[in-house]
Amino acid sequence: MNLTKKATPIFLALALMVTLQAMASYTAQEAVDKFVSLSSLRYASVGVTVIDLDSAKTIASYRPEQANITASTMKTVVSSAALGLLGPHFRFETPVYLDGNVQNGVFKGNIVIRGTGDPTLGSVFLPCQANIVDEIIDALRALGITRVEGAVIGDDSYYAYPYFDEDWDVGDLAYGYGTAVHALNYHDNLVTASYSLDGHGRVAQSSFSPAVPGLKVVSRCRGSRGRNAITPYLNYSLPALVLTGETTARSYSATYANPTPAPMLVDSVERAMLKCDGIRYDKAPEARASLEDAASTLLVVHKSPELTEVITSLLDRSDNMFAHALLRAIGSREWEVKGLGAMPSDLDAIGVAAVKQWLEQQGVNPEPLFMRDGSGLARANKAPVSFFGEMLSMMAHRRFDGVRLCDLMPKAAGRAGQTLKDNPLSDKIVLKSGSMRHVQCFVGYYPAEEPRYAFAVLVNNFTCSQASIREQIGTFLCNLFE
């Protein structure tokens, strides 16, 4: 009797523990149902899918065929296609030519840098790569050149205008996340503008760092006694950073997209030559600007890091320019294979068609994919979670010289709310997030090293804050995989 009385609290505690564990455990579909029933999603467009990779079967879903805005999860699509079409060891190449003659250590003519779309030239995000400016200086020295009489020319003609996708919001183009993709990109196509405006909204002084010859700051602002509300735009034809809105007399400094990265690179090379010991640079204003005979002598070929390193960086930082550069590389490859001459203005559409064709060849139905660019910046990019389920399943079983997509994706830690961040699962899930106004999406794999499941969550038009929806999705992933 005494034993029974002493044991009763233990049995009650065990029973309570089992009850709590049962309450905290969900099947995959129960976890999905709990998530989509949240009040913040009452008016939202939501798609969820969870795929068992061993059986290739959907084990849980919600509105799998509904197309939603993808935001940056589109980067997994272009990254997958780039691995398949370009190969994991692909490198962008930027040739530099001497257009002129070398005699007795003196080069007379132009140094021509011919861009082919490399987004990594001078990137601050890939500091270990070779520096094209240093490579040019070293190549001149290797040829015994001690004096250059001429000019440096940046050949940006490989890609036709527009350099940005026409589906991008014009209001995004001036900001760092909206940088266009040129044939010659440099310093991530970013520039810090420092400027002062007077009480009438006029520009008192301005400067750019790094320097961009020819770029201006133009103000169309109205003077104001107490209001500062400036909206920047890019004018590619001037070129200029154009400011509109209202301002008091004050100074500003901010980072913007650079509409003319080629002159920035040219200026960087010229400054390096002017500071270089052993090479004298005499810039000749009459240097021939024609590029018709530029390919006379190859000086050096700059090579980007391998594609796997580029993809790892762009997925981790969600770099729109890097991702869109991959789409243009795919499109230009298709165009060159057909031998059709100069790149067309609709190169992005050619890249999209090539991506869809490749997906179809891999057994993935591309019909539900509404793809406009490689980055996901255009709100016209849409897809249902069923498409991502198919694509992620296919990529989970594909290796490209031993490399898988999941190997290049970032860990979940810190990307989907505090609950997931504090959970051991945060290091066991790899995912790509995508967010813009009223849009939050995640696609990925679990567990990270040897994925058994693929998942996609696309949420449009939630009624809570962006931070709250990330937290709610993170909690859902904990419920799903714990």
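**Pocket lining, helix α3 and the chain**

Colleague: How many residues of each class, nonpolar, polar and charged, does the lining of the largest pocket have?

Modeller: This is a predicted model, where local features need pLDDT of at least 70, side-chain atom pairs count only at pLDDT 80 or more, and totals for chains, interfaces and linings use all residues. Residues are numbered from 1 along each chain as its sequence is written, and side-chain values use heavy atoms, without hydrogens and water. By class (Ala, Val, Leu, Ile, Met, Phe, Trp, Tyr, Cys and Pro nonpolar; Asp, Glu, Lys and Arg charged; the others, Gly among them, polar), the lining has seven nonpolar, eight polar and ten charged residues.

Colleague: Which element gives the largest share of that lining?

Modeller: The largest pocket (an open set of 1 Å grid points where a 1.4 Å probe fits, with protein on both sides within 12 Å along at least five of seven lines; lining atoms lie within 4 Å of a point) is lined by 25 residues, with A71, S72, L377, S435 and M436 nearest its centre. Two or more lining residues come from each of α6 (307-317), β16 (430-436) and β17 (439-446). The largest share, five residues, comes from β16.

Colleague: How many residues of α3 are buried?

Modeller: Helix α3 covers residues 74-85, a run of twelve. Its buried residues (under 20% relative accessible area, 1.4 Å probe, protein chains only) include M74, V77, V78 and L85. The rest of the structure largely encloses α3, because its buried residues number eleven of the twelve.

Colleague: What percentage of the chain counts as buried?

Modeller: The chain has twelve helices and 18 strands (DSSP runs: H or I of at least four residues, E of at least two). Its C-alpha atoms fill a box of roughly 110 × 60 × 45 Å along the principal axes. Of its 482 residues, the buried part is 52%.

Conventions: Expected span 1.5 Å × (residues − 1). Buried < 20%, exposed > 50% of the residue type's maximum accessible area, 1.4 Å probe, protein only.
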